[in-house]
Structures are given as structure tokens and as C-alpha cells.
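Subject: Structure handover and notes

Dear colleague,

Here is the structure you asked for. My notes on it follow below.

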Amino acid sequence: GHATGTVGGDKVVLEVRRGSAEGALEWLAEQPWARWVEVPSTMRVCNKHAAATLQGSLGRQGQQRHALWEQGIRGEGQVVGMADTGLDYDSCFFSDPSTAVPLCESDVRTGAVRTSCPTSSHRKIAQYRYFTVPPGDGEQGSAGLVSSPGDSAFNPDTDDGGSHGTHLGGSAVGKALGGGVAHWYDGMAPDARIAFDDIYDEVTSPPNGLNAIPTDDIAEGLFPPAYAAGARVYSISWGGVEPEYTGNARDVDLWVYRNDDMLVLVAAGNDGETGFTTVGSPATAKNIVAVGAADRSVNATIDYGETPDYRIVPLPAASDANAYAAEYVGLPAAFGPYAGPLKNVPVVAADPPEACGPSAAVPRLDKLSNEADVRGKVVLIARGSCNFVLKCNAAEASGAVMVIVTNRLPEFANDNAPFPFTMAAPWDDGYGNPAANYSHPLVTIPSAMVSYADGQKLYALADNGGAITLGDLEETGRDRASYSSMGPVFYDLRIKPDVVCPGTSIRSAGSDGSLTTNQCGGYVEGTVSPILEQTGTSMATPLCAGSAVLVRQYLAEGWHGTGRKDVSSGIAPSAALVKAFLIQSGSKMRTTDGPTGALQYKDTLGPTNNYGWGLVNLTSVLHFNGERKILVRDRAEISYLGAPQHICLRAGAGNGEHLRASLAWTDYPGSPYYIAQLSNDLDLVMRSPDGSVVYGNHMTTTDSVGGVRKVADQINNAEQITVPSPQSGGLYVVAVRPKWFWERDAPQLYSLVVSGDFTEEASCGFSADQLCENGCVHGTCTASGYCQCDFTHYGEDCSIAAPQLFAGTSQTYTVASGGWTYMYWEIVSPGGSFTITYGGSNDPDFYWRRNGFPSLDVGVADFVDYRSGGAQQSYTINNPLVGTYVLGIFAFCCSDSTGTVSLEGSGLVAGPTPPPTPAPP
């Protein structure tokens, strides 16, 4: 027995009895109308300091600001939609003593509202939906309840999802009633409200089961009621494990495409320690923001009773033959300031080594003997003979920028050596005077301790003229959390996650499992306390959602024009514009390097599959009182084959701020049936004052023919260009050009954000051919401003000659992961045949097309092989049509591919005549 239901115009949901699923799948796959068949995903659940971090303040020495809150941007008038395990709405972060919670019942299969959702003036809750089975269907349990209002308390023994929804809701919009320390844990948008969908199955679900998600279509089942309640941002902290574009991802993309002003944010997942391609659907959708997680900031680390650490990266001199670790750990002292970032600063050993006076009676040393060598450098000082403050005083008086104290070997039982520890200020000043009566200066340079073993390595580094690089201690808040799932999306290799927000040790509202206790407080104590600490991309997502809400309020109140509130200039932003603002605000992060395990910054201007466009920092984009220029375009229209649209910018005198542009567009939904999911391809392009061209996302590729070269992005519907140090007074042209459209019946809408120090000029003599580099050496510059290459050449400027294959010849190739290389052959007479044999390492994919360049889209290729895994294959074509056949080889994730292609056949163009064999002597 089975039941079917059509959802939308191109989707059929089939319900079968248990035990019949395998046969049903086989039957469906055989039907000629079936393009894609999949089993529904099993969904998994995936602020004290976090809110400050996202407003640009990682904090120093306990001092933090909430720059947007200080301007009154706290989410007023905004609603966040959210679906999760439930909301403990009598918590002081959500409760309203004077207004009842607006509850409404909905169908667990379709999401249709069964009892009307009342309009409510509730302080925090705009709507609360729970889901039940259809009348007369008892399979889900005799009680008929699938979810019910409220949230169970967290149980660490069962990990049943309790408090998950309450915690997330608190991070997004929580605002504690009354005063006291509970306000420390208010959410990112404390004056916004929430439309909550309770999807936790309390009757049949296993631990972490979210069976009350509407099964027919998660988007149509969840989003419309929240949208009707005013939500224009929706937060999802759950998902499946499928790393590709699934039906669920398509459903979300389609809904956003039809409702272009609601931004959906989805947790990327917590499988990052497994490696790449671990972001799960629906975070693999195009028109959403997939959210990764950052580690906690230094202030959070200290606040939670732990010691942060410095990561000291050695930079040996070229002549240094010693082997060094990728980094060494140093613990900061309890006195003095934190270190700011140091880059390539020489390191030198102190003389005398312990930086102490001549005897125990005279422990103080005014300056080091090698003062001239120490000035402006990091100095190594050995532990022993005098206290740490005196050592630092001598180094500081000698001009050192930082002290690294090296521990010694153990000298007695229970000695705190040889490992590093936190150096404390001594109880006296070294002369027996109490610490309160210090007779020497306080320390004003940073200091840290390393282990004895690491210290010996650093001494070797110093002896050989080496240097170190040190990240700001506050940079720990910019570390990608190791568990945070990484992209790219499987098959088409789109960038994921999109952005990152704090997700580690997040303290937010907790549930006590009761709706009558009215719990409140600012303490973390056990699993039923008012505040609960949790970790994961689940926790990062509502914080990013709250950030999106603040962006919406900023735009709705017209701040973007002059940096001052001007409601008359306010706009109702599209989801694409809010997304563009979030990626525009992204800052570089440190991430773990696979081979060495070291935390380091990626040396790239563009996004990465580790952290997307980076850690959200709203104050890097949102300006107040004219402190920076911001330019906004929303829902701008551009047509297929049309001219590029451009903006002329004159860079300012230079204030150290980068020039950055971010482009985003809501794309027509893709299909799990296809490899490439981008339907309409736009390019963000910048022409620099020297005439060079920069492409969106700063992508490059490498192959054995063309070497390293820059390429335009063909797979993502978000692009960014950053100019770190704009030329003072230089003219920069920011352009958006249409490249390829599947949906050509209407213009594509796009959103653009530009920020920096610049002045917009009305005209600058721009023409489309200025975007075609080098005049398209072996091709034609189109009216849209891109090069259309002859079939025998490739590259953005058509300058790379593709190798030609002849009958009986072979060609080797190497191509970088995510890149393409090309070859071609020519059929000059009909009636023949050819056999191509191909293969390669690390799963390359092979596509060819007659009289054109193939692409990842199977509709733009005459032959596709992406399933052979690179194993040697042969393919024969009889009676091929006359023409030029272009073979494209795509290196799949995440390693370079090397291989060989050979060709046999007749009707091919003749190869070059080999030189004659020399006559024997």
C-alpha cells in the first residue's frame, strides 16, 4: 500500500509502508518521467561575548563594545523565524507576563495551519507553531501529538535535543526581563521577536530526532506562516549529512526565489574534523547563507576560567638547517598587556640569559648587555635567579617588543617545569618590598612562557638569525572551530560555508523543562539552569541570523545613505542584499593546516572552503556618521547578452581601509539531477587604475599548459573583490557582467555592496571591451564584456593554446583541484570513427563538446564521464559529425589530477609529419 501527493509542479512525494521502500525505489528509478529519486534526509541538530565579536569587538583586557547596539540598532521591528526542538517560553529571555503566547497547530506532513495563528503583541514571540498528525492517522502514536509547546531540559546522558531550541532562540532574540547579570546573555538582536516552529517529535522520535519537520516540503511546510508573521530572516540549526544538492536544498532555493526578501541561514554541520565536503543539505543550497563556527574569543576563554595561548610561528633564515615545528605554544603572563599581532619580527637571546642582576642581593638589571641587538625585537629570557617582572623590566628598558621566557628542566619533585605556566607578578618587588610598593616600573610590553624543549628550538632559531610571527591573542576569536564542517559542495564544488559566527562554548538561555517556573538568572549551573553552555554550528547560526536582522534594520531605517538614521531613505532589502552585506563583513580567519596541524591564516583574498568569506564583523561595513563610504544596489536588473553594468569609483587619499565589493543574486533553483547548480552566471569584475582586471572571488587555477592563471567564477552566486591598499586617487571600475543564463525569459536581479574610502563618479569613459583582457588574443570580445575563445585556445584572455590530438598520439596533463584543462581534435571527413582513451589520478571528470567548450552542466556537453573515478576508459564514436571536438578535463575535489589522453581513428586531421629517420653511417 502507498499514498502519493504532488508537491509543486515537478515533485511527487510517495509514502510506502515499512519494508516496501527498497522495491518502491527500484520501481521509481525505472519510470521514464523520473529524473531524480531520493529518500528524505534524517535531520540532526547541528552571548555574552559573541554579540560583541559580531559587532567588531573581540575585546582587550575585558573591554568590549556593542557598536550597533549603541546606535540603537537592536532588531526593533524585525522578526526571526526558527524551527527547532521547542522554546521554554516562560524563561525571562522570552516571557511576557501580560500577554499569552500565540499558539497554533499545524499538519506535520504539509505544514498547513490547522488552527489559525493569532496576531499577537507578545513581547518576544510573534507566533508559536506545533505539529500534529492528520486526523484519523494513528501511525504516529495514539495520542496524535507529534510536537507540543515547550522545550525539554537538556539531558547529557541521552543528548535528546532538550534546550537546543531555547538556547538558539536566546542567541537570536533573547532579552531578559528586569535587570541583573542575565542581560549579559541577551541575544544578538534583543529587540526583535521570534516566530517559532516546534519540530521536536515527542512521541516517536529517537534522540535528536526532528520528525515533526513537515515531510512533503520543508520550505513550504515551514516558511509561509513565519513569513506571514513578519519574519524576513529564518534560522535552521539542523540538516542531513548529504554533501550534495538534494531535493531539500532545491525546495529552499525555490521558496527563496519566489519570496526574494526572506534570507534563510542554515548550520553547516559539525563534521569538519572529517575533512572537506562535509557540509550537509540543506546548507548546500545556493540562495541561503551556510554558517560555520568560530572558536571562542580570548575574553570568553578567560571568563570561563581557562588560559588562552599564543601561537608562535618560527620563520627560520634561509641558511638555517634546523627542523622546526609549525608553531610553538606560549602562555601569556598574568601581568602586562596582550601582544598585538607580530609579523616576521627577529628573535634574539638575552645577555645575560636570565636578564637578572649580578647576585641574589642585587636581582635587578637596568638594561640588557646586548641592548643594541634587542631593540625592536622579541627577546628570549631563561627562567631563574629573579622574578618575571624584573626580567621584563630589563627587556623593556632595552627596547624589546616582547619577552618570551623559556622554562627550565625540573629541579625537584612536583616542580612546575619543564612545561609552560602563567607567569604571575611576584608578591614582592624582588627586594622584599610588598608588591603594592613596587620600586620599579610596571610591565607595559607583552610576555609569555614556553616549555623548556620549545625554548631550546627558539634559541636555535635566534642563533641562526630567524624571526617569528605571532597572531594577536585576541585572534583566537578568529580561529575556525575544528569541528565546523567544510566545503565544497559535492559535485559542483561551490564554496561553503558562506560565513562564520561564534559557535564554541556559547552561553545562552537554557530550558528547565517546565513552562511554569519563570526561571531567570545569569549563572551556569547544571543542565536546568537559566543559562546553558553549548557548542556547534547550531549555536553559530542564530547569532548570524541575529546579525542579518541588524543589517535589515540598518537598511530599513536608511542608515546606509549618510551613516545617520533616515527612515525616508529606508529600503525593504532583498535576501540577496542582506547576504551580500554579511559576506562583505567577513574577515580572514585562522584555520588548521592539514599536513602540519598548525593554525594559520590562508594567504588568499578570496573565500575558502574552510570558512567561506570569513568571520562576520558588521562594523567593518555598516558605517555611522560618515566614517566610511558605502554604496548599495538592490534588485538591479541585468539581461542575458546585455552590456555590463558598472560604477566608477575614485579612491580616496588613503586611510588604511581596503576597497571591497560584494555581489549576490537569488538564482533560479537547480536540480539534483545535474552536476552544476548555477542557473544564471554573473561575474563581478573590477578594472584597476593600471588597466588590469580582477575577477570575483580572486580565483586561480593551474594546469600543465597554461600554468597559474586567474579565472572568473562559474559556480557560485556570490562573489567578492578586495583591494587591500587602493591607489590614492586611482580610478576603479566595478562591473557586473552577464555570462551565461539558463533562465533567459526575464532579467536577473542582483544586489551589490561596495565599501571603503572612495567617491562615485558619474562617468569614466567605460566600455565593455575594457573587461576583455589583452584584447582576447585568440577570440572575440562580446558585448557583455567577456572573451569568447576560438576552440583551439582557452583562458580568460584566450591566450593559451590547447594541445591538439591526432590519430595515434597521446597527451599528458596536470590540472589543479577545481580547475579545467583542455585539448581538442578535428574531424575533417565523415564516415570514419574515433576512439578516445582517458584516465587520471584523483578522480578527474571528462567532458567533450563539438564546436564549443564543455562545462560542468551536462546540457553543455556532448559526452560526460564523471563516474569512472579516473580509471582508464575507452570510448568509440562511429560516423562522428565533422567539426572541432573540445575535451575538457575537470579536477574534482580535493587534489590535483594527472593523467594521459590518447586518440585513435580515421577521418581526423592529419598530424605533423615526423622527421625522416637518419640513414645509418
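In which strand is Ala-509 found? Ala-509 belongs to strand β20, which covers residues 506-509. Please keep in mind throughout that this is a predicted model.

**Ala-509 and its surroundings**

Ala-509 has a relative accessibility of 0% and counts as buried. Its contacts, leaving aside neighbours within four places in sequence, are Ser-91, Phe-93, Phe-94, Thr-166, His-167, Gly-170, Pro-530 and Leu-532. From Ala-509 to Ala-176 the C-alpha distance is 9.3 Å, although 333 residues separate the two in sequence.

**Helix α4**

Among the residues that Ala-509 touches are Thr-166, His-167 and Gly-170, and these three are also among the buried residues of α4. The helix runs over residues 164-173, and 10 of its 10 residues are buried, so α4 is largely enclosed by the rest of the structure. The others on the list of buried residues are His-164, Gly-165, Leu-168, Gly-169, Ser-171, Ala-172 and Val-173.

**Helices α5 and α6**

Helix α6 takes in residues 247-258. With 12 residues at 1.5 Å a residue, α6 should span 16 Å; the C-alpha atoms at its ends are 17 Å apart, which agrees. Of those 12 residues, 10 are buried, so α6 too is largely enclosed by the rest of the structure. The buried ones are Gly-247, Asn-248, Ala-249, Arg-250, Asp-251, Val-252, Asp-253, Leu-254, Trp-255 and Val-256.

Two packed helices are described by the angle between their axes and the distance between the axes. For α5 (residues 218-228) and α6, the axes come within 8 Å and cross at roughly 35 degrees. The crossing is right-handed. On the α5 side the contact is made by Ile-218, Ala-219, Glu-220, Phe-223, Pro-224 and Tyr-227. On the α6 side the contact residues are Asn-248, Asp-251, Val-252, Trp-255 and Arg-258. Sorted by type, the residues of this contact are seven nonpolar, one polar and three charged.

**Cysteines**

Counting pairs of cysteine sulfur atoms within 2.5 Å, the model has nine disulfides. Three of them are described here.

- Cys-772 and Cys-781: the sulfur atoms are 2.1 Å apart. The link is right-handed, with 75 degrees about the S-S bond. Cys-772 is buried at a relative accessible area of 6%, whereas Cys-781 is partly exposed at 29%.
- Cys-776 and Cys-787: the S to S distance is 2.0 Å. The torsion about the S-S bond is about -80 degrees, so this disulfide is left-handed. Cys-776 lies in the loop between β36 (758-761) and β37 (779-781) and Cys-787 in strand β38 (residues 787-789), so the pair ties together parts that are 11 residues apart in sequence. Cys-776 is buried, with a relative accessible area of 2%, and Cys-787 is buried as well, at 13%.
- Cys-789 and Cys-798: the S to S distance is 2.1 Å. The link is left-handed, with -85 degrees about the S-S bond. Cys-789 is buried at 14% relative accessible area, and Cys-798 is buried at 0%.

Why is Cys-392 not bonded to Cys-386? The sulfur of Cys-386 is the closest cysteine sulfur to that of Cys-392, but it is 9.6 Å away, too far for a bond. Cys-392 is buried, with a relative accessible area of 0%.

**Backbone points to check by eye**

Most residues other than glycine have a negative phi, and most peptide bonds are trans. The following depart from that.

- Gly-487 and Pro-488 are joined by a cis peptide bond, with omega about 0 degrees. Pro-488 is in the loop between β18 (467-470) and β19 (499-502).
- Cys-893 and Cys-894 are also joined by a cis peptide bond, with omega about 10 degrees. The loop that holds Cys-894 runs between β47 (883-891) and β48 (897-906).
- Thr-277 has a positive phi, near 50 degrees. This residue sits in the loop between β10 (263-267) and β11 (289-294).
- Cys-776, from the disulfide with Cys-787, is not a glycine but has a positive phi of about 55 degrees.

Regards

How values were computed
Residues numbered from 1 in each chain as written. Predicted model: local features only at pLDDT ≥ 70, side-chain atom pairs only at ≥ 80, totals over all residues. Heavy atoms only, no water. Buried < 20%, exposed > 50% of the residue type's maximum accessible area, 1.4 Å probe, protein only. Helix = DSSP H or I, 4+ residues; strand = E, 2+ residues; numbered from the N terminus. Expected span 1.5 Å × (residues − 1). Axes fitted to C-alpha atoms, helices over the stretch in contact; angles between N-to-C directions. Left-handed = near helix turned anticlockwise from the far one by under 90°. Contact = heavy atoms within 4.5 Å. Nonpolar A, V, L, I, M, F, W, Y, C, P; charged D, E, K, R; others polar.
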